[in-house]
Amino acid sequence: MTGGARARERLDHERRARRRSAAVATASTAAVLAAVVLVVPRLPRWARVRASFFDGERFADSLPRLLSAFLLDVRIFLWCTPVIFGLGLLVAVARGSRAPALFPLRALVVAYVDVMRGVPVILSIYLVGFGVPGLGLERPWNSPLLWGSVALCLTYGAYVGEVFRAGIEGVHEGQRAAARSLGLSSGQTMRFVVLPQAVRRVVPALMNDLVSLQKDVALVSLIGPIEILRQAGIDKSKFANFTPYVAAAAIFLCVTIPLTRLTDWLLARERRRTTGTAVR
Amino acid sequence: MTRRPLLAALAATSLALAACGGDDGGASGDGTGNDCTAGKTLTDGTLTIATGNPAYEPWVAGDAPESGEGFEAAVAYAVAGALGFSDANVAWVRTGFDEAIQPGAKNFDFNLQQYSITDERKQTVSFSAPYYTSNQAVVGFADSPAVGAGSVADLRGLKFGAQSGTTSLAFITDVIKPDAEPFVYDDNAAAKAALEAKQIDAIVVDLPTAFYIAAVEIEGGTVIGQFPASEGVDADQFGLLFDLDNPLVECVDDVLASLRDDGTLATIEQEWLADKTNAPVISVD
């Protein structure tokens, strides 16, 4: 029975260790919180900072306007996401193509990815959002909402294309060889063997890009539409108070934190699935 | 205030001497401020004035406030002179709108870049008495559907644009009340691009700015009309912006009153803004 006793002892030891680390974590968190709560209000201009950034009345006043402006962000996000994934997939597949005749396509895609990833999103939005309609399009086809979204799709298509490419290249060469030896064509191999494995592998990285896109949607406001950050800026100027930005940030966090936790969870699941063991 | 006549005379002298860079001397006679400003400026003996980055015409000529050319640059030097600061003791800094209203310490004694005086803003910063009162105005292309509009009712079907955070934007939503939500831009450059892309029909700005951008920045642009102050339409009053409760405000208000009374402000306005106020009137009824 010595084996059982030793196991019990180990369990006890682990439990003690867990309890100790929980206690240390609690104590250090309490110390940091106390420092913030006690020290910050004693700083000389804290009253001014609080009035400028954390004005409860301004917060409550701005919140409904910000929420309704946020619907525009959500809409842009929702119609851009599928386009970006489609475009990214096309980019990755085109880049991974091996037929010699397709060299011009590969060169074009490489140039597209290099340029779009290197150019600031702001420039892309100004250029596409004002430039293309400026060529003489009539309403409604010159809408800044339409062309601002196109700019976002072009930029993020390049990012997501690279993520997919990494996933495709991460699929072992043996998988392709096996598929081809079973008689699948090169297209079928990509469709049924490579892509399913590649996409599953890069889901966490894609989620990362989505979180980033969710914030960059606000840049469409540069070319006119009033979305949440612009509305916050309007309220800020009207009341000479920054609280509306804090309110906007709170709304953003309500979306990004769950998205980030979901990413973490997907990442952990993927790790469990691929390694089979969970080493801490 | 018994000092006013003296200050007014000093202000007039400073204006006359500004061109040759003369030193008018304040109450202490050495151009480092008068009794009222003593100990109240950011740097002793120097008046630090802020303007936009860049500063726009006709408010500041050529983005060079040091020249004293342009309406606001001239007003700044007139105020400085009346406060007893020589031109050499005026220092310029540049700030954006946000920097000027942030809660931290300010790097200027006062800031002028067409800040409209509003009750909301007074809770965070202090303003001087107004140094200029402007009407809102509509700018568009000469072939815009807005041309010839006689009242706001003629404008409601148009798509408007304005600069973020301006009283012009509030004017669009509160007074014109167009059918479509206005578009909003960081600056006039973006508004102009949107106008050229025909995403908007017209933009709303203060009247002197309207004349400047219609003549210089927007090729083929025109000032379609202006809205005079009337019932339901507050005139846009520009004030010098100070850190909240800055004791300098009363010194500046005193000299602004005398600059107004002795006609100095009117002269400066005549010099820089005279040809920028004559546009068709649009009624708001």
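Me: Two strands pair if DSSP finds at least two bridges between them. How do you know that β6(B) and β7(B) pair?

Reply: Strand β6 (residues 160–163) of chain B and β7(B) share 3 bridges, so the requirement of at least two is met. Their pairing is in the parallel sense. One bridge joins Gly161(B) to Phe183(B), which sits in β7(B). Strands here are DSSP runs of E with at least two residues, helices are runs of H or I with at least four, and both are numbered from the N terminus. This is a predicted model, where local features need pLDDT of at least 70, side-chain atom pairs count only at pLDDT 80 or more, and totals for chains, interfaces and linings use all residues. Residues are numbered from 1 along each chain as its sequence is written, while chains are lettered from A and ligands numbered from 1 in the order in which they are written.

Me: What makes β7 and β9 of chain B stand at the edges of the sheet?

Reply: The open sheet has 5 strands in the order β7-β6-β8-β5-β9 (chain B), with mixed pairing. β7 (183–185) and β9 (221–227) of chain B each have a single partner strand, so one side of each lacks a neighbour in the sheet. Ignoring direction, neighbouring strands are turned by 30° against each other on average.

Me: Now to chain A. Why are α6(A) and α8(A) called roughly antiparallel?

Reply: Helix α6 (residues 144–170) and helix α8 (residues 186–216) of chain A pack at about 150°, with axes 8 Å apart. Angles run from 0 to 180 degrees between N-to-C directions, with axes fitted to C-alpha atoms, for helices over the stretch in contact. Under 35 degrees counts as roughly parallel, over 145 as roughly antiparallel, 65 to 115 as roughly perpendicular and the rest as oblique. α6(A) and α8(A) are therefore roughly antiparallel to each other.

Me: Which residues make the contact between these two helices?

Reply: Among them are Leu152(A), Tyr156(A) and Phe164(A) of α6(A), and Val194(A), Arg201(A) and Leu213(A) of α8(A). Contact means that C-beta atoms, placed from the backbone, lie within 7 Å. By class, there are 15 nonpolar, 2 polar and 3 charged residues. Ala, Val, Leu, Ile, Met, Phe, Trp, Tyr, Cys and Pro count as nonpolar, Asp, Glu, Lys and Arg as charged, and the others, Gly among them, as polar.

Me: How many residues does each chain bring to the contact between chains A and B?

Reply: Chain A gives 23 residues and chain B gives 25. On the side of chain A, α2 (46–53), α5 (121–134) and α9 (228–239) give two or more residues each. α9(A) gives the most, with 6 residues. The side of chain A divides into 11 nonpolar, 7 polar and 5 charged residues.
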